[in-house]
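Please open the structure in your viewer and keep the sequence panel beside it. The stops below are meant to be taken in order, with a selection made at each one.

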Amino acid sequence: MCISICRLYPLLCKHSGMEKLQQKIDLKTKPLGALGRLETLALQIGLLQNSINPRLSHPSILTFAADHGIATSGVSAYPAEVTIQMVQNFLQGGAAINVFCRQHSIELHIIDAGVNFEFSPGTPLINAKAGMGTRNFLHEEAMTGEQLQYCFERSEALVQQQAEKGCNIIGFGEMGIGNTSSASLLMSCLTGLPLADCVGKGTGLSDEQLANKLHILEQAKANHPAPTDALQALRCFGGFEIAQICGGMLKAQQLQMIILVDGFIASVAYLCARSINPEITKNAIFCHQSDERGHRKLLHYLDAQPLLHLSMRVGEGTGCAMAYPLIESAVRFLEEMASFESAGVSQKSSEQ
């Protein structure tokens with residue numbers, strides 16, 4: 001993270017635990033700071049776990065899927081049915097997130113947060129359906145207060161279940177045609193940035209389609225009173241999957257888990273969570289910078305430096321899965337790399 005550790009942990013910066021952890025990092029067989037961001041990650045994770053021997057346990061990704069009423073207004077290059085089809089692809093193990101989770105031994109769970117379809121019983125799909133998709137926020141609020149509360153309670157329970165299985169590092173992914181529109185409005189409302197800076201091509205819109213998308217979203221924003229907080233913004237413009245990611249992140253912070261933040265949609269969910277509980281900053285690792293236009297500006301607003309920039313814009317939690325090996329390397333070097341003393345290697349000469 002580009003956020004300094006001392007800003008995240010102002011009291012611990014003078015604490016012996018921080019000093020011991022930094023000393024352990026510094027005394028590994030390398031020049032000071034030579035492992036760069038891996039050292040910062042090791043420090044962040046050690047401080048979060050209050051240990052000079054941090055561990056990663058039972059890594060998991062929760063991918064939430066839901067439909068959006070705004071998708072019927074022409075904001076996406078793909079029809080709404082793609083949400084259903086992609087969930088079925090997840091369940092068959094054929095999506096990018098399935099491939100990367102298998103590759104890195106990450107447990108993946110697919111959650112129906114509000115897909116406009118009734119899936120067959122017995123499928124390996126977690127039912128957390130808050131509705132058959134949100135309402136079209138061009139004309140009315142996307143969800144009710146009761147639906148928003150359900151989203152938080154259901155995702156909190158899912159994160160709690162993962163923690164009880166021993167998970168201490170959790171990522172959040174999403175799938176939902178129209179959800180970049182929802183995320184763009186949430187971002188604009190909560191950051192104060194112009195909507196034009198927050199809206200991108202999503203699933204691959206042409207320049208003409210992008211202009212139409214921006215026009216529709218500007219109309220939607222004008223049709224509602226300006227939200228005064230994250231909960232009101234979620235109720236007005238959110239998606240069920242975004243709300244559930246937000247609630248899940250808040251629970252993960254409460255349980256002191258490492259939170260892997262994926263791309264644009266998940267970062268907006270994090271933005272909502274951070275506005276509710278700023279302490280979540282200590283738990284968050286930003287995994288990659290999406291190619292969605294608003295993500296770079298959002299990361300700058302959050303003062304967050306992502307680990308990867310691979311021009312990806314898949315969503316699903318793929319950035320979390322791709323970044324996980326780097327995070328694992330940060331913990332492994334701290335545990336397994338020799339120190340100057342144990343290896344019998346001379347340290348840098350003191351300046352005369």
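The tour goes from the whole chain to one strand, then to one residue, and ends in the nonpolar cores.

Begin with the whole protein chain in a cartoon view, bearing in mind that this is a predicted model. The chain holds 15 helices and six strands. Its radius of gyration is 21 Å, close to the 20 Å that the globule rule gives for 352 residues, so the chain is as compact as a globular protein of that length. If you turn the C-alpha trace along its principal axes, it spans about 70 × 45 × 35 Å. Switching to a surface view, you are looking at an accessible area of about 14,900 Å², of which 50% belongs to carbon and sulfur atoms, while buried residues make up 53% of the 352 residues.

Next, select residues 169–175, which form strand β4. Seven of its seven residues are buried, and this holds for both faces: Ile 169, Gly 171, Gly 173 and Met 175 lie on one side, with Ile 170, Phe 172 and Glu 174 on the other.

Which strands pair with β4? Add residues 60–66, strand β1, which pairs with β4 in the parallel sense over six bridges; within this pairing, Ile 61 has Gly 171 as its bridge partner. Then add residues 258–261, strand β5, which also pairs with β4 in the parallel sense, here over three bridges, and where Ile 258 stands opposite Ile 169.

Now centre the view on Gly 173, within β4. Is this residue buried or exposed? Because its relative accessible area is 0%, and a residue under 20% counts as buried, Gly 173 is buried. Leaving aside neighbours within four places in sequence, show the residues in contact with Gly 173, which are Ile 61, Leu 62, Thr 63, Phe 64, Ile 245, Glu 316 and Gly 317. A distance label drawn from the C-alpha atom of Gly 173 to that of Val 314 should read 9.8 Å, although the two residues are 141 apart along the chain.

Finally, select Phe 172 and Met 249, the residues with the most contacts inside the largest nonpolar core, which has 64 residues. Around Met 249, not counting residues up to four places away in sequence, you will find Phe 172 itself together with Ile 259, Val 261, Ala 266, Ala 269, Tyr 270, Ala 273 and Ile 280. A second, separate core of 42 residues can be located by selecting some of its members, including Ile 25, Ala 65, Ala 95 and Ile 169.

Definitions and conventions: Residues numbered from 1 in each chain as written. Predicted model: local features only at pLDDT ≥ 70, side-chain atom pairs only at ≥ 80, totals over all residues. Heavy atoms only, no water. Helix = DSSP H or I, 4+ residues; strand = E, 2+ residues; numbered from the N terminus. Buried < 20%, exposed > 50% of the residue type's maximum accessible area, 1.4 Å probe, protein only. Contact = heavy atoms within 4.5 Å. Pairing = 2+ DSSP bridges. Core = buried A, V, L, I, M, F, W, Y, C linked by side-chain atoms within 4.5 Å. Rg over C-alpha atoms; globule rule 2.2 N^0.38 Å. Areas by Shrake-Rupley, 256 points an atom, 1.4 Å probe, with all protein chains shown as cover.
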